[in-house]
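Please look through the sequence and the model below before reading on. The report that follows moves from the general make-up of the protein to particular residues and the partners they meet.

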Amino acid sequence: MSQQARILQLQLCLGEFLPDRPAVLEERNDEIEFRVVNNDGARESVVVLTGLKCLFQKQLPKMRKDYEGGTLMLCSMLPRIRYPEVGRMLLKQKEVVQAKIRAISKSHIVHQQSQQWANIVVSPIDPLAIPAIRETGWCLDMDDLSREPRHGPHFNELRRVLYQIRNHKQAWPFLHPVKDEAPDNYNVITTPMDLSTMEERLMHDSCHAPRDFFNDLKLVFMCG
């Protein structure tokens with residue numbers, strides 16, 4: 001970790017970058033108190049919850065009609081958590097994470113635009129002459145590779161056919177491999193196939209031609 005990141009982390013731990021919120025100061029001065037109250041039937045709990053019910057019912061008349069009865073919804077709280085400082089804690093965590101990211105990544109660096117782009121006349125630019133592109137390790141071969149199709153020429157048509165078969169109301173016995181329902185199934189069927197396996201093979205380009213796809217489909221019905 002760089003020295004700057006260590007200093008930032010130390011400041012976050014000491015809380016120097018963010019002043020205390022008013023609620024934190026009031027709690028520290030015993031002006032307010034945060035308590036966890038359970039609906040356990042105890043006298044003190046009933047008094048607190050009844051007072052809170054009256055607060056919703058009487059002091060907030062502009063709330064929705066649903067709240068007029070003063071019905072309280074469950075709100076679980078943990079006594080060991082200082083809820084007035086939750087926002088402060090999350091900001092600390094965010095800054096620490098960002099400092100660690102900046103220590104191992106260059107995503108926060110903003111490069112200046114090429115001077116050629118500032119000219120009115122647009123002229124051809126060598127991509128590798130741009131520092132930001134050059135630092136990523138990009139090359140022309142990577143660009144050609146990204147333009148290649150991800151699947152074969154018949155992928156969309158075969159996927160559409162498989163989708164229609166899977167959604168047929170009589171296709172449910174063939175959707176997934178047979179497992180515990182028939183323990184001796186693989187002793188009888190030596191080349192099992194199902195529609196889920198077909199979809200997986202199609203997505204991984206194991207079916208190079210429509211003939212391969214329909215051969216798998218024949219195996220599905222033979223297994224049935």
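## Overall make-up

The secondary structure of this protein, which is a predicted model, consists of eleven helices and zero strands. Reading along the sequence therefore gives the pattern α-α-α-α-α-α-α-α-α-α-α, and the helices carry numbers counted from the N terminus.

Of the 224 residues in the protein, 13% count as buried. The protein exposes about 18,500 Å², and carbon and sulfur atoms supply 56% of that area. When contacts with a separation of 6 or more are considered, residues 24 or more positions apart account for 51% of them.

## Helices α8 and α10 side by side

One pair of helices that can be followed closely in the model is α8, which covers residues 155-166, and α10, which covers residues 195-203. Their axes lie 11 Å apart, and the two helices pack at an angle of about 165 degrees. Angles over 145 degrees count as roughly antiparallel, and α8 and α10 are therefore roughly antiparallel to each other. The crossing of α8 and α10 is left-handed. On the α8 side the contact is made by F155, L158, R159, L162, I165 and R166, while on the α10 side it is made by L195, S196, M198, E199, L202 and M203.

M203, which is found in helix α10, gives a closer view of this region. Leaving aside neighbours within four places in sequence, M203 is in contact with H151 and F155. The C-alpha atoms of M203 and H151 are separated by 7.9 Å, although these two residues are 52 residues apart along the chain. M203 is partly exposed, with a relative accessible area of 39%.

## Two salt bridges

How many salt bridges does a search of the whole structure find? The search finds two. As a general point, side chains of opposite charge can pair when their charged atoms come close.

In one of these salt bridges, the side chains of R166 and E199 meet with a distance of 3.7 Å from N to O. R166 lies in helix α8 and E199 in helix α10, so the pair ties together parts that are 33 residues apart in sequence. Both residues also appear among those that make the contact between the two helices. R166 is partly exposed, with a relative accessible area of 26%, and E199 likewise counts as partly exposed, at 35% relative accessibility.

The other salt bridge is formed by R201 and D216, whose closest N and O atoms are 2.7 Å apart. R201 lies in helix α10 and D216 in helix α11, which covers residues 210-223, so this pair ties together parts that are 15 residues apart in sequence. R201 is partly exposed, with a relative accessible area of 26%, whereas D216 is buried, with a relative accessible area of 6%.

## The surroundings of D216

Which residues does D216 touch, not counting residues up to four places away in sequence? They are M193, M198, R201 and C207, and R201 is the residue with which D216 forms its salt bridge. M198, another residue on this list, is also one of the α10 residues in the contact with α8.

The C-alpha atoms of D216 and L195 are separated by 8.9 Å, and these residues are 21 residues apart along the chain. L195 is itself among the α10 residues that make the contact with α8. Buried means under 20% relative accessible area, and at 6% relative accessibility D216 therefore counts as buried.

## Two loop residues with positive phi

Two aspartates in loops show a particular backbone angle. For D30, phi is near 60 degrees, which is a positive value in a residue other than glycine. The place of D30 is in the loop between α2, covering residues 22-28, and α3, covering residues 43-59. At 70% relative accessibility, D30 counts as exposed.

For D205, phi is also near 60 degrees, again a positive value in a residue other than glycine. D205 has its place in the loop between α10 and α11, and these are the helices that hold R201 and D216, the partners of the salt bridge described above. At 25% relative accessibility, D205 counts as partly exposed.

How values were computed. Residues numbered from 1 in each chain as written. Predicted model: local features only at pLDDT ≥ 70, side-chain atom pairs only at ≥ 80, totals over all residues. Heavy atoms only, no water. Salt bridge = Lys/Arg side-chain N within 4 Å of Asp/Glu carboxyl O. Helix = DSSP H or I, 4+ residues; strand = E, 2+ residues; numbered from the N terminus. Buried < 20%, exposed > 50% of the residue type's maximum accessible area, 1.4 Å probe, protein only. Contact = heavy atoms within 4.5 Å. Areas by Shrake-Rupley, 256 points an atom, 1.4 Å probe, with all protein chains shown as cover. Axes fitted to C-alpha atoms, helices over the stretch in contact; angles between N-to-C directions. Parallel < 35°, antiparallel > 145°, perpendicular 65-115°, else oblique. Left-handed = near helix turned anticlockwise from the far one by under 90°.
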